[in-house]
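Let's take a walk through this structure together, one region at a time. Have the sequence and the 3D view open, and follow along as we go.

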Amino acid sequence: MIRVLKDKHIVLGVTGSIAAFKAAGLASQLTQAGANVDVVMTREAAQFITPLTLESLTHRPVVTDVMALLANSEIGHVALGRGADLLLVAPATAHTIAKLALGLADDAVSATALDTRAPLVIAPAMETGMWEHAATRENVQKLAARGAVVVEPDVGHLASGASGQGRLAELDDIIDVVRATLGRGGDLAGRKIVVTAGGTQEPMDPVRVIANHSSGKMGFALAECARDRGARVTLIAGTTALRTPRGMEFMTAKQACEMQDAVLGSITDADALIMAAAVADFRPARAEEQKIKKGDTDTLTLQLVKNPDILRQVKAWREQTHHAMIVVGFAAETQDLVANAQAKLQAKQLDLIVANPVPQSFGSDKEQAILIERGGPMREMPPLTKEELAEEILGFIAKRLQTPLL
Ligand code: C5P
């Protein structure tokens with residue numbers, strides 16, 4: 001279940017591209033995430049993928065016939081997209097894009113698009129020549145100028161065997177854009193939130209690093225959740241294997257010092273900072289230029305120097321500038337969880353600290369967290385998914401931002 005998609009009414013318009021088969025994946029993922037998906041198709045799309053497939057995935061009737069749609073404007077729940085929260089046209093052919101730009105309405109998808117006032121997201125898929133043609137460029141620009149959100153096609157293998165731009169964007173990317181579009185006007189609209197995620201890697205030599213087990217999942221969930229609530233998000237990622245989410249500013253910073261620069265450079269206009277990254281406390285005093293050889297000795301002594309504590313730097317910067325910002329930190333501890341977390345909350349002048357017992361915290365899908373607010377209550381949460389915990393943390397931030405500072 002994804003909060004911003006839950007119970008939302010999404011009309012999925014499918015048009016006649018070979019990528020139409022991917023609409024099944026979109027319909028399925030959106031439905032599983034909690035949305036009510038009504039599919040409208042062109043006749044050409046119905047030759048690539050059957051309405052029955054989409055009906056079976058969405059458990060709702062599929063509309064393919066514009067005449068039926070116009071003759072009876074109340075077909076099931078679909079009244080030409082009225083009442084829809086969003087219209088997603090995916091895949092959108094060059095032909096359909098041209099029709100939408102002109103305001104034609106001679107098939108079920110273009111008629112729905114003309115009638116609805118819901119936000120429009122278009123994911124084009126076509127041969128490179130068609131995508132690059134001046135007519136398509138103009139039509140896409142026209143739609144974007146009217147407020148449509150265009151998920152640019154990817155570059156890669158095309159059905160013709162050629163390679164170029166025109167592949168339907170990855171489904172996860174399309175869903176990211178749908179989430180961000182639905183989230184506009186959420187309780188964090190107009191706010192900027194900076195999130196750090198993942199681990200850091202401190203080089204010993206050209207091939208070795210000192211790293212940690214952080215997966216980045218918590219920080220990414222926080223960034224996605226903030227985006228879905230309307231925030232402008234900057235995600236600063238250390239080491240992670242996760243896909244780069246859409247709908248936010250994304251930066252990588254693998255070493256603690258790089259992360260410090262990225263954070264200090266991003267927070268100048270931020271309303272909140274969430275430091276979910278597992279930042280290395282120490283780094284090798286020097287990164288050797290050549291690979292360290294094992295030689296004949298049985299031990300190797302590595303000298304480490306302390307990394308800057310980013311949250312302490314942020315505290316100093318806030319004291320200097322009086323910049324009002326909510327700051328959330330994390331404390332992964334093997335012992336004395338609450339006492340250690342409380343000490344960090346004070347020392348780093350945080351508004352909230354999320355205390356996690358190790359080893360549950362790294363890479364797992366459920367979080368056992370205690371949320372400790374400065375000058376406020378301590379809440380021991382039940383086991384939550386990272387998305388659920390992210391919602392709790394963002395809920396705290398949204399509430400604090402709504403309360404005027406005394
Ligand atoms: O002091 P400790 O590293 O346990 O504190 C954890 C919190 O401090 C996390 O929010 C982490 O992102 C942040 N941190 C930091 N700079 C460091 C180390 C940790 O900002 N060098």
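A good place to begin is Arg-3, which sits in the segment before strand E1 (9-14). Please keep in mind that this is a predicted model. Which residues does Arg-3 touch, if we leave out those up to four places away in sequence? They are Arg-229 and Glu-391. Gly-183 is another residue to look for from here: it is 180 residues from Arg-3 in sequence, yet the two C-alpha atoms are 9.8 Å apart in space.

Gly-183 also takes us to a pair of helices, since it belongs to helix H9, which spans residues 171-183. The partner is helix H10, residues 217-228. The two axes come within 7 Å of each other and cross at roughly 45 degrees. Angles under 35 degrees would count as roughly parallel, and those from 65 to 115 as roughly perpendicular, so H9 and H10 are oblique to each other. On the H9 side, the contact is made by Asp-176, Arg-179, Ala-180 and Gly-183. H10 contributes Glu-224, Arg-227 and Asp-228. What is the make-up of this contact by class? It has 5 charged residues, along with 1 nonpolar and 1 polar residue.

Now let's turn to two spots where the backbone deserves a look. His-59 lies in the loop between helix H3 (51-58) and helix H4 (66-71). Its phi is near 60 degrees, a positive value in a residue other than glycine. The other spot is Pro-91, located in strand E3, residues 86-92. Is the peptide bond from Ala-90 to Pro-91 cis or trans? It is cis, with omega near -5 degrees.

Finally, let's visit the ligand. The residues around it include Met-275, Ala-277, Val-279 and Asp-281. Also among them are Pro-308, Asp-309, Ile-310 and Leu-311, and the list goes on with Gly-329, Phe-330, Lys-344 and Lys-348. Some of these residues place polar atoms by the ligand. A backbone N or O atom of Pro-308 is 2.9 Å from a ligand nitrogen atom. Leu-311 has a polar backbone atom 3.0 Å from an oxygen atom of the ligand. In Lys-348, an N or O atom of the side chain lies 2.9 Å from a ligand oxygen atom. How much of the ligand's accessible area does the protein cover? On its own the ligand has 440 Å² of accessible area, and the protein covers 87% of that.

Technical notes. Residues numbered from 1 in each chain as written. Predicted model: local features only at pLDDT ≥ 70, side-chain atom pairs only at ≥ 80, totals over all residues. Heavy atoms only, no water. Axes fitted to C-alpha atoms, helices over the stretch in contact; angles between N-to-C directions. Helix = DSSP H or I, 4+ residues; strand = E, 2+ residues; numbered from the N terminus. Parallel < 35°, antiparallel > 145°, perpendicular 65-115°, else oblique. Contact = heavy atoms within 4.5 Å. Nonpolar A, V, L, I, M, F, W, Y, C, P; charged D, E, K, R; others polar. Near = heavy atom within 4 Å. Polar contact = N/O pair within 3.5 Å; in protein donor to acceptor, adjacent residues only side chain to side chain. Areas by Shrake-Rupley, 256 points an atom, 1.4 Å probe, with all protein chains shown as cover.
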